[in-house]
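Reader: Could you take me closely through the surroundings of the ligand, and then through the aromatic residues and one threonine of the loops? I would like a connected account rather than a list.

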Amino acid sequence: MLLERIEALKAQISELTASNEEALEALRIKYLSKKGEVTALFNEFRNVSPEMKREFGQKLNELKNFATEKINELRETCKAQEKEANKIDITRPATPEVVGTRHPLSLVRKEIIDIFSRLGFTLADGPEVEDDWHVFSALNFAADHPARDMQDTFFINQDDKEVQRNIILRSHTSSVQVRTMERQKPPIRIICPGRVYRNEAITARAHCFFHQIEGLYIDKNVSFADLKQVLLLFAQELFGKDTKIRLRPSYFPFTEPSAEMDVSCMLCGGEGCGFCKHTGWVEILGCGMVDPNVLESCGIDSKVYSGYAFGLGIERITNLKYMVKDLRMFSENDVRFLNEFQAAH
Ligand code: DAH
């Protein structure tokens with residue numbers, strides 16, 4: 001009777017399967033733990049008649065070894081299966097990587113930097129939080145110049161007038177001209193891209209911050225003709241070989257003479273169209289010969305050195321190149337707008 005039970009249990013155990021370690025542990029408990037079925041048979045050993053004890057003992061030990069081996073065997077299989085499951089399946093289709101786009105202002109800034117780098121200009125930098133000297137005074141702005149007014153310029157900590165009166169957010173990158181000339185002696189040939197701030201209401205055509213690139217060249221015998229040649233090359237690189245330029249007299253405190261530069265309209269090629277208001281020209285930058293007062297303010301002898309400067313708005317150029325109509329698009333980060341520039345990389 002007991003021998004039959006041993007045989008039946010053995011048959012049962014030989015059929016066991018387990019798909020994971022947990023199921024396997026459940027089987028081990030079911031058969032081999034203190035309250036397990038195999039152990040239960042051992043407990044009946046004392047009821048066996050003495051002449052049967054030997055055979056029964058042997059069979060019982062066999063059963064126990066058999067069960068232990070079976071469990072161990074299943075454990076190995078489980079481990080192997082788990083290892084297989086954790087393997088990286090290199091045949092699975094890859095999840096597509098979502099690649100971002102460069103911001104249009106960054107694209108245009110890079111393009112402009114590349115052009116001037118080829119012409120021998122190096123990059124210069126300066127702080128956005130500036131003082132009155134670098135933004136205005138050293139650049140020959142009169143004490144009562146309207147640009148110094150709070151309407152145009154952001155002041156840092158207006159309440160503490162005694163200490164902070166002179167600390168402002170720069171309203172143009174021309175401040176980096178001063179920083180560079182104070183630090184470095186001629187020849188100087190730099191461009192400076194950067195963000196500038198003005199106290200303007202935000203509309204499609206104006207923003208309280210935007211981006212400029214400043215250019216400065218100081219050496220012996222620099223002339224207006226040098227300025228014109230560099231700007232012509234720049235315009236043709238940026239807008240195409242057939243682009244023409246025109247310089248109109250203008251006024252900036254830090255240049256004398258000063259000019260504004262127009263390029264032939266990139267839409268009609270100068271014929272006249274709605275975009276250029278039928279003039280054939282669109283304005284792109286301000287420029288001029290550095291005023292001797294500015295050179296002297298920065299410790300450069302204006303009898304020995306002369307130079308030119310120019311400044312352009314990156315948003316303005318980007319609008320012209322990509323026909324963006326609303327300045328606010330540049331800072332809203334609407335991905336539908338930004339994705340438009342995927343192909344422009
Ligand atoms: N700083 C001027 C502005 O923000 C732009 C400018 C005009 C810069 C003429 C120059 C320059 O260097 O020569 O409107």
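Author: What follows begins with the ligand, turns to the aromatic pairs and ends with the threonine. The model is a predicted one, and the account should be read with that in mind.

Around the ligand there is a shell of 15 residues, of which the closest are His 172, Ser 174, Arg 198, Gln 212 and Glu 214. By character, the residues of this shell divide into five nonpolar, eight polar and two charged. Two side chains can be placed against particular ligand atoms: His 172 has a polar side-chain atom 2.9 Å from a nitrogen atom of the ligand, whereas Gln 212 brings a polar side-chain atom to 3.0 Å from an oxygen atom of the ligand. Ala 309 takes part through its backbone, with an N or O atom that lies 3.2 Å from an oxygen atom of the ligand. Of the 360 Å² that the ligand exposes when taken alone, the protein buries 88%. The elements that contribute two or more residues to the shell are strand S5 (209-219), strand S8 (281-290) and strand S9 (306-313).

Strand S9 also leads into the aromatic residues. A search of the whole structure finds 13 aromatic pairs, and one of them is formed by Phe 116 and Phe 310, which are stacked with 5.0 Å from centre to centre and 25° between the planes. This pair links distant parts of the chain, since Phe 116 belongs to helix H5 (residues 104-118) and Phe 310 to strand S9, with their positions 194 residues apart in sequence. Phe 116 and Phe 310 are both buried. A second pair, Phe 136 with Phe 141, is edge-to-face, with 5.0 Å from centre to centre and 70° between the planes, and Phe 136 and Phe 141 are likewise buried. Phe 116 and Phe 310 also belong to one aromatic cluster, together with Phe 121, Tyr 217, Phe 234 and Tyr 308.

Phe 136 brings us to the threonine, for it is among the residues in contact with Thr 153. Thr 153 is placed in the loop between helix H6 (132-135) and helix H7 (161-164). Although it sits in a loop, Thr 153 counts as buried because its relative accessible area is 1%, where the limit for that term is under 20%. Leaving aside neighbours within four places in sequence, Thr 153 touches Ala 147, Arg 148, Ile 168, Leu 169 and Asn 199 as well as Phe 136.

Technical notes. Residues numbered from 1 in each chain as written. Predicted model: local features only at pLDDT ≥ 70, side-chain atom pairs only at ≥ 80, totals over all residues. Heavy atoms only, no water. Near = heavy atom within 4 Å. Polar contact = N/O pair within 3.5 Å; in protein donor to acceptor, adjacent residues only side chain to side chain. Areas by Shrake-Rupley, 256 points an atom, 1.4 Å probe, with all protein chains shown as cover. Helix = DSSP H or I, 4+ residues; strand = E, 2+ residues; numbered from the N terminus. Nonpolar A, V, L, I, M, F, W, Y, C, P; charged D, E, K, R; others polar. Buried < 20%, exposed > 50% of the residue type's maximum accessible area, 1.4 Å probe, protein only. Contact = heavy atoms within 4.5 Å. Phe/Tyr/Trp six-rings, centres within 6.5 Å; stacked < 30°, edge-to-face > 60°.
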